[in-house]
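Open the model in your viewer and keep the sequence panel beside it. We will go from the whole chain to single residues.

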Amino acid sequence: MHPMGVWLAWQRGRPVRVARDGEARDLDDGIMYRSSWERNIARLMRFLNVQAAYEPVRFNFPGLSRQYSYLPDWKLRGVSVDVGERHYPTVFIELKGFYDLKSKRKIRNMAKYYGPKGIMVLVITEDIYKRIEDDYAEIVPHWERRRLNTYGNERGEQPEKHTDG
């Protein structure tokens, strides 16, 4: 790993950089998380005593026109889910602040190729994350609130200018 928190990975035979936002020193796990959301969910799982492994396995989707893979955020330990008659003994969690078409396709392919093998991915979207934050930010130690930029908002947009007139 690069000292600035950048991991080198290989994609299509070439090295690429994968940015990491930073470790959660309060968790003392040495993991370089990709975002404050991931650090907060790690804190929440520790607070709730949920056992999980961070990015433990990459799934491949062979036989598609373009082979690609998927790396879910967490694998929950000792958790299973029943949906109707179907039992999923292996459960992963994926955080998705920006749930684009590529992300949705990977989740669909996980359900298609690995669902029959008893693997489920639970997706935490921005709306769900905000509800989790509303419920837990005040009680989970070291929770990182959404950062405000110099303009006092989350997205970096300059406030509207008003003129007296």
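The tour has three stops: the whole chain, a charged residue and a surface patch.

**Stop 1: the whole chain.** This is a predicted model. Show it as a cartoon. The chain has three helices and 12 strands. Next, colour by burial. Of the 165 residues, 35% count as buried. Now switch on the surface. The accessible area is about 11500 Å², and carbon and sulfur atoms supply 49% of it. For contacts between residues with a separation of 6 or more, 45% join residues 24 or more positions apart.

**Stop 2: Glu38.** Select residues 36–47. This is helix α1, and Glu38 lies in it. Which side chain of opposite charge is nearest to Glu38? Select Arg34: it is that nearest side chain, 4.7 Å away. A salt bridge needs a side-chain nitrogen within 4 Å of a carboxyl oxygen, so the pair does not qualify. Glu38 is buried, yet has no salt bridge. Now show the backbone of Arg34. The Glu38 side chain reaches the backbone nitrogen of Arg34 at 3.0 Å. Then add the residues that Glu38 touches, leaving out those up to four places away in sequence: Tyr33, Tyr54, Asp73, Trp74 and Leu95.

**Stop 3: a nonpolar patch.** Return to the surface and select Phe47, Leu48 and Ile139. Together they make a nonpolar surface patch of about 270 Å². Zoom in on Ile139. Ile139 sits in the segment after α3 (126–136). Is Ile139 buried, exposed or partly exposed? Its relative accessible area is 47%, so Ile139 is partly exposed.

Definitions and conventions:
Residues are numbered from 1 along each chain as its sequence is written. This is a predicted model: local features need pLDDT of at least 70, side-chain atom pairs count only at pLDDT 80 or more; totals for chains, interfaces and linings use all residues. Side-chain values use heavy atoms; hydrogens and water are left out. Helices (H or I, at least four residues) and strands (E, at least two) are DSSP runs, numbered from the N terminus. Buried means under 20% relative accessible area, exposed over 50%, partly exposed in between (1.4 Å probe, protein chains only). Lys and Arg count as positive and Asp and Glu as negative; His and the chain ends are not counted. A polar contact is a pair of N or O atoms within 3.5 Å; within protein, one must be able to donate a hydrogen and the other to accept it, and residues adjacent in sequence count only if both atoms are side-chain atoms. Contact means heavy atoms within 4.5 Å. Patches are made of residues with over 30% relative accessible area and no salt bridge: like charges are joined within 9 Å, nonpolar side chains (Val, Leu, Ile, Met, Phe, Trp, Tyr) within 5 Å. Accessible areas come from the Shrake-Rupley method with a 1.4 Å probe; for residues, only the protein chains shown count as cover.
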